[in-house]
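Biologist: Could you walk me through how the parts of this protein meet, and how each term is justified?

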Amino acid sequence: MAARTVHHYPTTIAAACAALAAADAGLVYGGGTAVQIMLKHGTLAASDVIDLGTVPGLGGLRETDTGLRVGALVTLRRMETDPLVRAVAPLAAEVYRQVAHPRIRNTATVGGNLADGDHRLDPPAALMVLDARVELVSPAGTRTLPVREFFVGADRTALARGEIITAIEIPRQPAGSGAHFEKFRSLAAGDRPCASVAALAIGGRLRLGLGALAPTPVCTEIALPPESPAATVAEAARAAAGPLIKPISDARGSAAYKKSVGLVAVATAATSAWANR
Ligand SMILES: Cc1cc2nc3c(=O)[nH]c(=O)nc-3n(C[C@H](O)[C@H](O)[C@H](O)COP(=O)(O)OP(=O)(O)OC[C@H]3O[C@@H](n4cnc5c(N)ncnc54)[C@H](O)[C@@H]3O)c2cc1C
């Protein structure tokens with residue numbers, strides 16, 4: 001007879017971390033949109049499921065001196081629609097708006113989205129260019145990491161055993177900056193990206209975040225004379241992003257196809273962000 005899964009409903013983050021650390025094969029349950037599919041298809045077996053829904057305080061979203069503090073259980077839909085997010089970090093609001101479809105966004109959480117670790121996620125591209133940080137708590141204590149350092153390999157994150165994402169900190173989008181998010185889907189409207197590019201232009205600097213175009217989300221920054229014309233910006237952006245684009249062939253397209261689509265998305269995002277300054 002198969003071993004039974006133990007379900008935990010902790011009421012503190014410390015209890016959640018302790019249950020996760022003590023489990024043979026434990027998993028955290030955020031919105032469940034990824035976990036449910038894997039459990040149902042038998043591609044994931046868990047000795048213990050730790051539901052974060054009973055931990056108070058993880059669903060908060062507030063403005064801070066530097067930007068936004070977003071609890072791990074805030075839904076993608078709230079990130080898309082909350083006036084505070086739209087005012088403080090409109091690029092983030094736009095990227096969350098383009099994840100999957102409303103049914104997923106109503107349930108999926110910002111913490112679960114990052115912890116999913118899939119290289120085809122959209123939000124990391126924007127969170128990286130916005131210099132966002134992720135807060136991680138374990139029985140050993142609390143640490144924060146730049147989102148740029150959170151993805152450490154193909155579908156692998158920096159989460160250690162017993163560690164849980166509790167919040168993300170998103171700096172305020174600088175006044176006078178220009179931003180753009182360009183997503184290309186090759187299968188269906190509500191699907192994961194074939195190429196996902198976020199661009200943020202601040203004065204003569206241009207940051208580019210790429211999703212689905214390499215084994216992890218990646219980010220780069222270039223400097224240009226502030227009056228550079230669009231053609232120069234597009235060429236510089238393609239030259240900077242090109243070496244980072246190392247796509248994985250899958251049902252959404254071959255590596256060569258994704259590279260070609262990715263370079264178009266890079267040029268579009270870069271020139272649009274530049275023009276929006
Ligand atoms: C049909 C479909 C389309 C999709 N399209 C897109 C898309 O276009 N763009 C995109 O970016 N994504 C897409 N996704 C992925 C989707 O965004 C993620 O599945 C979702 O964000 C996961 O969030 P969740 O809260 O439901 O996570 P869960 O399913 O609860 O968990 C996902 C993983 O994270 C872990 N986890 C959850 N919360 C935490 C936490 N706080 N700390 C540590 N670990 C945690 C879980 O143990 C599990 O390993 C799609 C998914 C589906 C099913």
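Modeller: Here is a short talk about the interface of domain 2 and domain 3. This is a predicted model, where local features need pLDDT of at least 70, side-chain atom pairs count only at pLDDT 80 or more, and totals for chains, interfaces and linings use all residues. Residues are numbered from 1 along each chain as its sequence is written, and side-chain values use heavy atoms, with hydrogens and water left out.

Biologist: What makes 61-171 domain 2?

Modeller: Domain bounds come from an automatic or database domain assignment, and that assignment gives domain 1 (6-54), domain 2 (61-171) and domain 3 (178-275). The centres of domain 2 and domain 3, taken over C-alpha atoms, are 20 Å apart. Their contact (heavy atoms within 4.5 Å) takes 26 residues from domain 2 and 28 residues from domain 3.

Biologist: What is the area buried between domain 2 and domain 3?

Modeller: About 2000 Å², with carbon and sulfur atoms giving 62%. Buried area is the accessible area (1.4 Å probe) that two parts lose on being put together, summed over both. On the domain 2 side, H119, R120 and V129 lose the most area to domain 3, together 34% of what that side buries.

Biologist: Why is the pair K183 and D122 called a salt bridge?

Modeller: The term asks for a side-chain nitrogen of Lys or Arg within 4 Å of a carboxyl oxygen of Asp or Glu. The closest N and O atoms of K183 and D122 are 2.6 Å apart, so the pair qualifies. Between domain 2 and domain 3 the count is three salt bridges.
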